[in-house]
Amino acid sequence: MPKLDQLLQQFRSELGADFVSTDVVGMDGMSIAGGSIVPDFDASEASARFAMVMKLASKASEKLGSGTVDDNLVTTDRLYILARFLGNGSYYWGVAVTRNATLGTVRMLMNEYADQIWDAIPR
């Protein structure tokens, strides 16, 4: 198993029962690693759509002069979807968890894994 897949699997294990999906995605909207445990969650579609969301968040933040985007949180009635840029911003990492998840824990784990995931992306 490639290192990137191993890291995502470790991350998933640490999240436990609240995990729904994770993907490492290029800004072209194409996922290079990840997946979902929920059969009706279309990770490919989510990857593509969230690439647009991340671009928009970055552009809005820039126009407002509010600084660089660290992460973007979308809250739905069923899920939390947290996405953050990796490395130089050419990729983002998206994570979907149940509403039972503790967002502080998800963010903490994403912070712990982000540099390792960036380093494992084949470039």
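**Ser21 and the aromatic pairs**

Ser21 is buried, at a relative accessible area of 3%. The model is predicted. Ser21 belongs to strand β1, which spans residues 19-26. A polar atom of the Ser21 side chain lies 3.4 Å from the backbone oxygen of Gly35. Gly35 also appears among the contacts of Ser21 beyond four places in sequence. The others are Ser36, Phe41, Ala43, Gly94, Val95 and Ala96.

Aromatic side chains were examined next. The model holds 3 aromatic pairs. One of them joins Phe11 and Tyr113 in an edge-to-face arrangement. The ring centres of Phe11 and Tyr113 are 5.7 Å apart, and their planes meet at 80°. The edge-to-face label applies because the angle between planes is over 60 degrees.

Phe11 sits in helix α1 (residues 3-15), whereas Tyr113 sits in helix α3 (residues 103-120). The pair therefore ties together parts that are 102 residues apart in sequence. Phe11 counts as buried, with 0% relative accessibility. Tyr113 also counts as buried, at 6%. Both values fall under the 20% cut-off for burial. Ring pairs also bring in Trp93: Phe11, Trp93 and Tyr113 are linked into a cluster.

A further ring, that of Trp118, has a charged partner. Arg123 lies over the face of Trp118. The distance from Arg123 to the ring centre is 3.8 Å, within the 6 Å limit for a charge over a ring.

Note on methods
Residues numbered from 1 in each chain as written. Predicted model: local features only at pLDDT ≥ 70, side-chain atom pairs only at ≥ 80, totals over all residues. Heavy atoms only, no water. Phe/Tyr/Trp six-rings, centres within 6.5 Å; stacked < 30°, edge-to-face > 60°. Helix = DSSP H or I, 4+ residues; strand = E, 2+ residues; numbered from the N terminus. Buried < 20%, exposed > 50% of the residue type's maximum accessible area, 1.4 Å probe, protein only. Lys NZ or Arg CZ within 6 Å of the ring centre and 35° of its normal. Polar contact = N/O pair within 3.5 Å; in protein donor to acceptor, adjacent residues only side chain to side chain. Contact = heavy atoms within 4.5 Å.
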